[in-house]
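Please open the model in your viewer and keep the sequence panel beside it. The tour goes from the whole chain to single residues, one selection at a time.

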Amino acid sequence: MLHVRSIWNGAISFGLVSIPIKLVNATESHSISFRQIHTEDGGRIRYRKFCELEDREVTQGEIGKGYEDADGTIIPISEDDLSSLPIPTAKTIEIVAFVPADRIDPLQMDAAYYLQASGAPAAKPYTLLREALKRSNKVAIAKFALRGRERLGMLRVVGDAIAMHGLLWPDEVRAPEGLAPDTDVTVRDKELDLADALMDTLGEVDLEDLHDEYREAVEEVIAAKAAGEAPPQAPAPATGGKVLDLMAALENSVRAARESRGEEAGEHAEVKSLPQRKTARAAPKQTGGKKSTSTAKKTAAKKTAAAKKSTAKSGQGAKKTASKSTAAKSGAKSTAKKSTAKKTTPRKHSA
């Protein structure tokens, strides 16, 4: 049995059926609380409450509530004024409808409470409502008043108890306008396949296995400083490069997730490696350089042959020495062109 101090006493109104209940918190915070201190000497910083008219500190018992009007006038509001509000939900959780659970937007969910049956007379109607909710596969929508305002609630079955989630009013949930990317993005089927593979690889998790690592780290720091030791240092963040290729990032994520689960890199592999981009290949550039060198040699040879034929035609009536001189010059030009082609080839190959 849950022994928690109730924060509200009233009844559930289920048509003409009234179920006396106590409202208790269903959740608790385990976050570490800090005090404000004076950094020079470690002295506690405290806030004192002063009355502006009397300029003196007042006790908690002297403090009440008041509403400030537009002209600055303070209108006192007592707890009796709030407890006797002329609304049916002041002391009653009034069920107004039963709807499928998927009708409730999770964005509306607020604090959670347990509804505890108050006394023996509440046992039968409490159990009746619980079993009716189970059989209908629905949740109850109710209105109730708590901490000075009327609220919306959702009742559902948790184990053998009835829980109530406070709900925000629909007009208290902001619309997500202007938050989605404003550019046109096309998601390819293969990218979705990789995302699905990553989701399948990560699988499910038992929420009971998850814990607050931040709180544990803070506790370690506190324990170390209390013992006069140096607090543990955070590991250096990984300096990963900027991810430019979404497909490569997804493939690496799938591979890393499988390795973390002890699977072989290629075990049950459903994702094939992407073909390399043409701009990333070095081989075509090297092949292109060879083709360029071969072409240059062929061009030089053709020019040399043409030069020889031209020399032979122009020197039919001339002396043989002139023909030899012309042929030598043509051969020198051909050699120079071949040398130029060879020197050009390494530059193209390394480009």
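**A stop in a loop**

At 62% relative accessibility, Asp-55 counts as exposed, and since this is a predicted model, it is worth selecting the residue and looking at its backbone as well as its side chain. Asp-55 lies in the loop that runs between strand 3 (50–51) and strand 4 (56–57). Its phi is near 55 degrees, which is a positive value in a residue other than glycine.

Select Asn-137 next, in the loop between helix 2 and strand 9. Asn-137 is not a glycine either, yet it has a positive phi of about 55 degrees. With a relative accessibility of 65%, Asn-137 counts as exposed because the cut-off for that label is over 50%.

**The whole chain**

Now zoom out and colour by secondary structure, where you should find 7 helices and 11 strands in the chain. Of the 351 residues of the chain, 18% count as buried, and the accessible surface comes to about 27200 Å², with 54% of it belonging to carbon and sulfur atoms. If you display contacts between residues at least 6 apart in sequence, 61% of them join residues at least 24 apart.

**The largest nonpolar core**

For the next selection, take Ile-12, Ile-21, Ile-93, Leu-115, Leu-129, Leu-155 and Met-164, which are the residues with the most contacts inside the largest nonpolar core, a set of 20 residues. At least two residues of this core come from each of strand 1 (8–14), strand 2 (17–25), strand 7 (92–100), strand 8 (109–117), helix 2 (123–136), strand 9 (138–146) and strand 11 (161–167). Strand 9 gives the most to this core, with 4 residues.

Which residues surround Met-164, leaving aside its neighbours within four places in sequence? Show its contacts and you will find Leu-23, Ile-93, Ala-111, Ala-112, Tyr-113, Leu-115, Phe-144, Gly-153, Met-154 and Leu-155.

**Two helices side by side**

Finally, select helix 3 (residues 189–202) together with helix 5 (residues 246–260), whose axes come within 9 Å and cross at roughly 20 degrees. Helix 3 is therefore roughly parallel to helix 5, as angles under 35 degrees are described in that way. On the helix 3 side, the contact is made by Lys-190, Glu-191, Leu-194, Ala-195, Ala-197, Leu-198, Thr-201 and Leu-202. Facing them from helix 5 are Leu-246, Met-247, Leu-250, Glu-251, Ser-253, Val-254, Ala-257 and Arg-258. As you rotate the pair, note that helix 3 passes helix 5 in a left-handed crossing.

Terms used: Residues are numbered from 1 along each chain as its sequence is written. This is a predicted model: local features need pLDDT of at least 70, side-chain atom pairs count only at pLDDT 80 or more; totals for chains, interfaces and linings use all residues. Side-chain values use heavy atoms; hydrogens and water are left out. Buried means under 20% relative accessible area, exposed over 50%, partly exposed in between (1.4 Å probe, protein chains only). Contact means heavy atoms within 4.5 Å. Accessible areas come from the Shrake-Rupley method with a 1.4 Å probe; for residues, only the protein chains shown count as cover. A nonpolar core is a set of buried Ala, Val, Leu, Ile, Met, Phe, Trp, Tyr and Cys residues joined through side-chain atoms within 4.5 Å. Axes are lines fitted to C-alpha atoms, for helices over the stretch in contact, and angles run from 0 to 180 degrees between N-to-C directions. Angles under 35 degrees count as roughly parallel, over 145 as roughly antiparallel, 65 to 115 as roughly perpendicular and the rest as oblique. A crossing is left-handed if the near helix is turned anticlockwise from the far one by less than a right angle, and right-handed if clockwise.
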